[in-house]
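Student: I have a model open on my screen and would like a close look at one part of it. Could you walk me through that part slowly, and then show me how the rest fits around it?

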Amino acid sequence: MKKLIAIGEALIDFAPSQTGKKIKEVESFSPKTGGAPANVCGAFTRLGGSSEMITQLGNDPFGDKILDDFLSHQIGCSYVLRTERANTSLAFVSLAADGNREFSFYRNPGADMLLSEDEIQKEWFQDCGVLHFCSVSLGDFPMKEAHRKAILYAKEQGALISFDPNIRLALWKSPKALKAAILEFLPYADILKVSDEELEFITGETDIEKAKHTLLAHSRLIIYTTGSNGAQAYTKTVSSQADGFKVAAVDTTGAGDGFIGSFLYQLCAGGKEIETLQADELRDYLRFSNGFCALSVQKHGAIDSYPSQEEVLQLIQQ
């Protein structure tokens, strides 16, 4: 099976010691390696795949921690660069009683933002099956063009391009600027993962059945997630749906990343072209990823909370 490569931010999430409080009310935080693209690598690798992360870290202790954690989770570090020009990005997180989050970012700029297109190497993509990216690193800084170069090289190798907008309004000058960046990169994506909270922002529609035609004009596979209510998938010829698992969420950090990471793992392991996927295969992929997330949100952290393939299969076969 070919490897997954993700490009974008790798950072330190400072997880709160208490839930049900705003950031300003939390008494202490614990540093956890995160960043949506890094989380996707973690999920893909946890299930038995091979992944590499393209990012840049500061020459600081937080960058050292991220590299150590990547190695412990078997995430490839060969394409992780270091710089003296900025520190490693940080994000402080608070958790509401229902597991939802509030973020405060320290990334102005972060080391990841300064990765340039000239530093992206063509040979990195020779064994790439999927290149995954999000919107956080598509702002007006060098990393945006690094994404464009990576997408070009990945497509030349026949890799699938996966895009999870993963909207973080706090990191953008305006909602308009974020939406423009998403729409600019949408045509590159073979696979688009979008949540119910993001659909209207991107398409102007609240109903996926109305929005899917617009999205499928750009992408070959749409994955629509609705948290514990389950997920749906659409290609140009078939669609499918799988119910979620009702669990008590402790921490939803990285849940969406775990979903797309586990879905991409199954897609790569199956080895089929998107256009040949049948409805029952898509349903099985969705059910597995729903189970992956259900187990993940019952533990703290992102990558640290991801279950093994055996644990997911035990849940979904009950």
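Student: The part I mean is the open sheet of nine strands: what is the order of its strands, and what kind of pairing does it have?

Tutor: Happy to take you through it, with one thing to keep in mind: this is a predicted model. The order of the nine strands is β5-β4-β1-β8-β9-β10-β11-β12-β13, the pairing is mixed, and the sheet is open. At its edges stand β5 (80-83) and β13 (239-242); each has a single partner strand, so one side of each is left without a neighbour in the sheet. From one strand to the next, the twist averages 15 degrees.

Now zoom in on one pair inside this sheet. Strand β9, residues 160-164, pairs with strand β10, residues 191-195, in the parallel sense, and two bridges connect them. If you click on Ser162, its bridge partner in β10 is Ile191. Helix α1 (residues 36-46) packs on the sheet, where it touches β1 (3-7), β4 (51-58) and β8 (128-134). The direction of α1 makes about 145 degrees with that of β4.

Strand β10 also holds Lys193. With a relative accessible area of 6%, Lys193 is buried, because buried means under 20%. Beyond its neighbours within four places in sequence, Lys193 has contacts that include Phe163, Asp164 and Pro165, and also Ile223, Thr225 and Ile260. Glu198 and Gly256 are in contact with Lys193 as well.

Next, look at helix α3, residues 142-156. Its 15 residues reach 22 Å from first C-alpha to last, close to the 21 Å expected at 1.5 Å a residue. Among the buried residues of α3 are Met143, Ala146, His147, Ala150, Ile151, Tyr153 and Ala154, along with two lysines, Lys144 and Lys149. Their cover includes strands β1, β4, β8 and β9 of your sheet, and also helix α4 (175-185). After α3 comes Gly158, with a positive phi near 80 degrees.

For a contrast with Lys193, try Asp284 in helix α8 (residues 279-296). Asp284 has 43% relative accessibility and so counts as partly exposed. Its C-alpha atom is separated by 9.2 Å from that of Ser240, although their positions lie 44 residues apart along the chain.

There is a second sheet to compare. This one is open too, with four strands in the order β3-β2-β6-β7 and mixed pairing. Its edge strands, β3 (29-34) and β7 (101-106), each pair on one side only. On average, neighbouring strands here are turned by 25 degrees against each other, direction ignored. Within this sheet, β2 (residues 11-16) and β6 (residues 90-95) run parallel and are joined by three bridges. Asp13 has Ala91 as its bridge partner in β6. Helix α2 (residues 61-72) lies across β2, β3 and β6, at about 60 degrees to β3.

Finally, step back to the whole protein chain, which has nine helices and 13 strands. Its radius of gyration is 18 Å, which agrees with the value near 20 Å for a compact globule of 318 residues. The C-alpha trace spans about 50 × 45 × 40 Å along its principal axes. Of the residues, 57% count as buried. Among contacts with a separation of 6 or more, 71% come from residues 24 or more positions apart. The accessible surface is about 13,400 Å², and carbon and sulfur atoms account for 46% of it.

Technical notes: Residues are numbered from 1 along each chain as its sequence is written. This is a predicted model: local features need pLDDT of at least 70, side-chain atom pairs count only at pLDDT 80 or more; totals for chains, interfaces and linings use all residues. Side-chain values use heavy atoms; hydrogens and water are left out. Two strands pair if DSSP finds at least two bridges between them. Axes are lines fitted to C-alpha atoms, for helices over the stretch in contact, and angles run from 0 to 180 degrees between N-to-C directions. Contact means heavy atoms within 4.5 Å. The radius of gyration is taken over C-alpha atoms; the globule rule is 2.2 Å times the number of residues to the power 0.38. Buried means under 20% relative accessible area, exposed over 50%, partly exposed in between (1.4 Å probe, protein chains only). Accessible areas come from the Shrake-Rupley method with a 1.4 Å probe; for residues, only the protein chains shown count as cover. The expected span of a helix is 1.5 Å times one less than its number of residues.
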